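I am opening a notebook on this structure. The entries below follow the order in which I looked things up.

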Amino acid sequence: MIGGEKVIMHIAYITSEFVTERLHGGLATYLDNITTIMSEHGHRVTVITLSEQEGRLRYKDNIEVVRVPFLTTNQTDSFEQGVHMLRNSWKLRCALYKEAHRQKIDIVQTANWQAVGFFRNRRIPTIVRASSDSSLLRNADQYLFDYNKALREKTLEDYLELYCVKRADAAFAPSHFCASVIGKRCGRKIQIIESPYIDQRKEMNDQIYQDKLFNKQYILFNSSLSRLKGTHIGIESAEQLLGKYPDLYMVYAGHDYGLTQIDGSIQRLSLILERQNKKYKGRVMYLKHIGRSELFPIIKNSMACVLPSRVDNLPNSCIEAMSLGNIVIGTYGASFEQLIRNKDNGLLIKRDSSAAFIKAIDWLMNLSENERIAMGKRAADSIIRLSPEKIYDEMITFYKKVISVRKKY
C-alpha cells in the first residue's frame, strides 16, 4: 500500500523451468507458488521460461507463460557450458524486450540458476533470487565431497551466475545458508525471504499409498535421488536398519540421477534399489517420480521423511513434509536448521554419515506413538510462518523498495 492505495504491478519472472514444462524441479514449484500468490492479489504476472516448445499459454487462467525454445549442447567443457548458458540467456532477454513492448513491466525477477538473467533490460528494475550455488551442487554430487574446496572453485558457469546476482538491483535468497554462501562469493549483501507454502492437501490422491504402502511402517526418501541429496546414506544403512527392524520398509520417490562412483561413472539407483528389494524380500521400494497429489498421502503416512542432503536450500520437500505433520530428518549445514530444531520438531544429523542416520532412526523408534504425533504437530506449526499472506507482504515490500530506489536515479 502506498498512501492507502494498492499498487498493481506487472511482474515478469525469468526462469529456466516452470511447472507447465515437461522437465521441472524445485525452482518451478517455487515459481508456481509465488506467481499464484501475486496473481491472486491482482498483479499481472508473466513467466518467461526456457522450454522444449515455442509459443504462449495461459496458466491458471490469469498467468501468462511465454515459452522460449532452449538451445541444447553435448559439450561438458566448462567454457562451452558457459557459452551455452549465455546463448539461452540472450534468447530470454529478447523475449523480455518483446513483452516490455507489449505492456510496461514494473519489475523483473530472475533466477541465478544457469545465469538466465545475465542479459537484463537496464530500463526495468531487476532482482535475482539466489537459490543455489552451482559449485556446491556440482561438487556435492561427486563421490567425495570437499565443502571448502567447492567454495574456492569458480568455473565460467559460476562466474556468470554470480555476476547476475552482483549486478542486479537487489538480491534475495530463501535460506540463510544460500544467502551467506552466495553473498560471500559475489561480494554483496543478500536479503532473506523464505519460500511460501500453499496448502494443497485437498488435491491428495491416495491410490499409490493404498496399493503399495497401506498398513506398512516405512521411512521415505522424498527427493531427487543422487549423492547431492544424500541417497547413498540410505543405501549404506539398509542392511543394519532392515536387519534390526523386521517390520520396517525403506521407500524412495524421485527422479533417478544415479550415484557417482569413485571412478566418475554413474550407477543407476533404480538398479541398486531393485537388488536391495530382492535381498530384503520386498522391503526396499522405489516408486520413481510421482506427482505431489500422489506423493502427499505417502508423506503423511510415513514414519519419517529422510532428506540427508549434502547441501540444500530449504527445499520444498522439507516444507511440504513438515506441513503435513511429518517428522523430517535433515542434515546440519545444509539449511534445514532454519526450520528444524533437533529432537523437537524434527531431527538433524551429520552430513555423509550413515552411522548418524541409523542413530536417528533408533531414537525415533524408541518414541511412543503419542510422542511422534506431538513432534509432527510441532513440525506443522513451524510452517505457519510461510503462509502466502506473510510471504506476499514481504515480497511486495521488497519489490516496491527496489522500484522506488531506481526512480531516484
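Which strands does helix α10 lie across, and at about what angle to β9 does it run? I found that α10, residues 292-300, lies across β9 and β14. Its direction makes about 130 degrees with that of β9. I note here that the model is a predicted one.

**Entry: the sheet under α10**

I looked up the sheet that holds β9 and β14. It is an open sheet of six strands, ordered β13-β10-β9-β14-β15-β16, and the pairing is parallel. I checked the ends: β13 (284-286) and β16 (347-349) each have a single partner strand, so one side of each has no neighbour in the sheet. From one strand to the next, the twist averages 25 degrees.

I then went to the pair β9 and β14. Strand β14 covers residues 304-307, and two bridges join it to β9 in parallel. I read off L220 and C305 as bridge partners, with C305 in β14. Helix α8, residues 231-244, also packs on this sheet. It touches β9, β10 (248-252) and β13, and its direction makes about 165 degrees with that of β10.

**Entry: L213**

I picked L213, which sits in the loop between α7 (207-212) and β9 (217-221). Is L213 buried or exposed? It is buried, because its relative accessible area is 0%. Setting aside neighbours within four places in sequence, I listed its contacts as I208, Y218, V251, M285, L287 and I298. I also looked up V284: it is 71 residues from L213 in sequence, and the two C-alpha atoms are 11 Å apart in space.

**Entry: the eight-stranded sheet**

I moved on to another open sheet, which has eight strands. Their order is β3-β4-β2-β1-β5-β6-β7-β8, and the pairing is mixed. The edges are β3 (55-59) and β8 (191-192); each has a single partner strand, so one side of each is left without a neighbour in the sheet.

Inside this sheet I looked at β6 (residues 126-129) and β7 (residues 170-173), which pair in the parallel sense over three bridges. I127 stands opposite A170 of β7. I also looked up helix α1, residues 26-40. It lies across β1 (10-15), β2 (44-51), β3, β4 (63-69), β5 (107-111), β6 and β7, and runs at about 175 degrees to β1.

**Entry: α5 against α6**

How far apart are the axes of α5 and α6, and at what angle do the helices pack? Helix α5 (residues 156-167) and helix α6 (residues 176-186) have axes 9 Å apart and pack at about 95 degrees. The angle therefore makes α5 roughly perpendicular to α6. On the α5 side I listed D158, L162, V165 and K166, and on the α6 side I182, R185 and C186. I sorted the residues of this contact into four nonpolar, no polar and three charged.

**Entry: cysteines**

How many disulfides does the count come to? I got zero. I checked C94: the closest cysteine sulfur, in C164, is 15 Å from its own, too far for a bond. C94 counts as partly exposed, because its relative accessibility is 28%.

I also went back to C305, the bridge partner of L220. C305 is in no disulfide, and the nearest cysteine sulfur, that of C318, is 9.1 Å away. C305 is buried, with a relative accessible area of 0%.

Terms used
Residues are numbered from 1 along each chain as its sequence is written. This is a predicted model: local features need pLDDT of at least 70, side-chain atom pairs count only at pLDDT 80 or more; totals for chains, interfaces and linings use all residues. Side-chain values use heavy atoms; hydrogens and water are left out. Axes are lines fitted to C-alpha atoms, for helices over the stretch in contact, and angles run from 0 to 180 degrees between N-to-C directions. Helices (H or I, at least four residues) and strands (E, at least two) are DSSP runs, numbered from the N terminus. Angles under 35 degrees count as roughly parallel, over 145 as roughly antiparallel, 65 to 115 as roughly perpendicular and the rest as oblique. Contact means heavy atoms within 4.5 Å. Ala, Val, Leu, Ile, Met, Phe, Trp, Tyr, Cys and Pro count as nonpolar, Asp, Glu, Lys and Arg as charged, and the others, Gly among them, as polar. Buried means under 20% relative accessible area, exposed over 50%, partly exposed in between (1.4 Å probe, protein chains only). A disulfide is a pair of cysteine sulfur atoms within 2.5 Å. Two strands pair if DSSP finds at least two bridges between them.
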